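Dear colleague,

Please find below the structure I am handing over to you. My findings follow it.

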Amino acid sequence: MPDRLSLFPPIEPFHAGMLRVSDIHELYYEVSGKIDGKPAIVCHGGPGGGSTPSMRRYFDPEKYKIVVFDQRGCGKSAPHAELRDNTTWALVEDMEKLRRHLDIERWQVFGGSWGSTLALAYAQAHPERVSELILRGIFTLRRDELLWFYQEGASWIYPDAWADYVAPIPEDERGDMIAAYYKRLTGDDRNEQLRAAKAWSVWEGGAVSLFPSEERVQSFSADAFAVAFARIECHYFVNRGFFERDDQIIANIDRVRHIPAVIVQGRYDVVTPMKTAWEMHRAWPEADLRIIQDAGHAASEPGIIDALVRATTAFATR
Ligand code: STX
């Protein structure tokens, strides 16, 4: 594959802090790149996946002021893995609190997977605050999308990893895997909670990239990561994203159709299959859909990196 763009070099934030957003929660945030550069905020995946230092590297640090944060309960945000007062709409308002705290008027919103869901929920609530949208691995938390990955569908592609995912759940509870996991992830038995969290998290970590990554599976099975990721994801899924309707994000797409947008989708994304990106594209033809023919779900796929870096670079001078 000729001339694919790669990530910008690693950088350290020039500012980082904790922002209190509720009686319970404090959020970790960091700002990197150019102090008076074009503002952009990154929404990480999961929910509950936390941010990573590589998220800074999708933007030219000489052009962008890059804001990265950990959503409620995950990464360096506190309290860890907390589900109380943790909803989509709380996260949307957290982004507004962070924007005002940093004295930013409008920003580019960049998000993959659950980060695309959150980016769109935010943009639909506060369209005047969003200069552009860059979205990857489109996920809208509809029932069918959840069933595909956690109940039946992805199981046909990864039957080997699926066996480990169903192992902690007794056979008579496997008819509703999300409910069965939720019971264990929120139960009093700490050992059972940890075992369930690791199995849930490793299932997702193993399906993320086109080619297997032992390193990713290892990091997804680390206790702290797995507990936040599994508990928070499962909590959002049991609560159906805290949305009013199943198709909330696509049904409200008219609110953001005027915002310049790029959608990057891997053809072989098994976590958030391309059907959702395609349905979004049909409802939002103005968005520039880039299908990457040799990529899965991960932001780190070479073709996905190339398309995302091209998108931030094209928008850098707007
Ligand atoms: N969850 C999809 C999601 O947002 C349904 C997601 N899956 N894995 C990730 O995010 C990370 C690799 C970013 C943690």
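How many residues of domain 1 are in contact with residues of domain 2? In this predicted model, 34 residues of domain 1 touch 29 residues of domain 2. The domain assignment places 15-142 + 242-315 in domain 1 and 144-241 in domain 2. Domain 1 is thus given as two segments of the chain, 15-142 and 242-315. Taken over C-alpha atoms, the centres of domain 1 and domain 2 are separated by 22 Å.

As to the chain as a whole, its secondary structure consists of 12 helices and eight strands. The radius of gyration is 18 Å, close to the 20 Å that the globule rule gives for 318 residues, and the chain is therefore as compact as a globular protein of that length. Along the principal axes, its C-alpha atoms fill a box of roughly 55 × 45 × 35 Å.

Turning to packing, 57% of the 318 residues in the chain are buried. Of the contacts with a separation of 6 or more, 74% are made by residues 24 or more positions apart.

With regard to the surface, the chain exposes about 13700 Å², of which carbon and sulfur atoms supply 51%. The charged side chains comprise 37 positive and 46 negative ones. The centres of these two sets lie 4 Å apart.

Yours sincerely

Technical notes: Residues numbered from 1 in each chain as written. Predicted model: local features only at pLDDT ≥ 70, side-chain atom pairs only at ≥ 80, totals over all residues. Heavy atoms only, no water. Helix = DSSP H or I, 4+ residues; strand = E, 2+ residues; numbered from the N terminus. Rg over C-alpha atoms; globule rule 2.2 N^0.38 Å. Buried < 20%, exposed > 50% of the residue type's maximum accessible area, 1.4 Å probe, protein only. Contact = heavy atoms within 4.5 Å. Areas by Shrake-Rupley, 256 points an atom, 1.4 Å probe, with all protein chains shown as cover. Lys, Arg positive; Asp, Glu negative; His and termini not counted. Charge placed at Lys NZ, Arg CZ, Asp CG, Glu CD. Domains from an automatic or database assignment.
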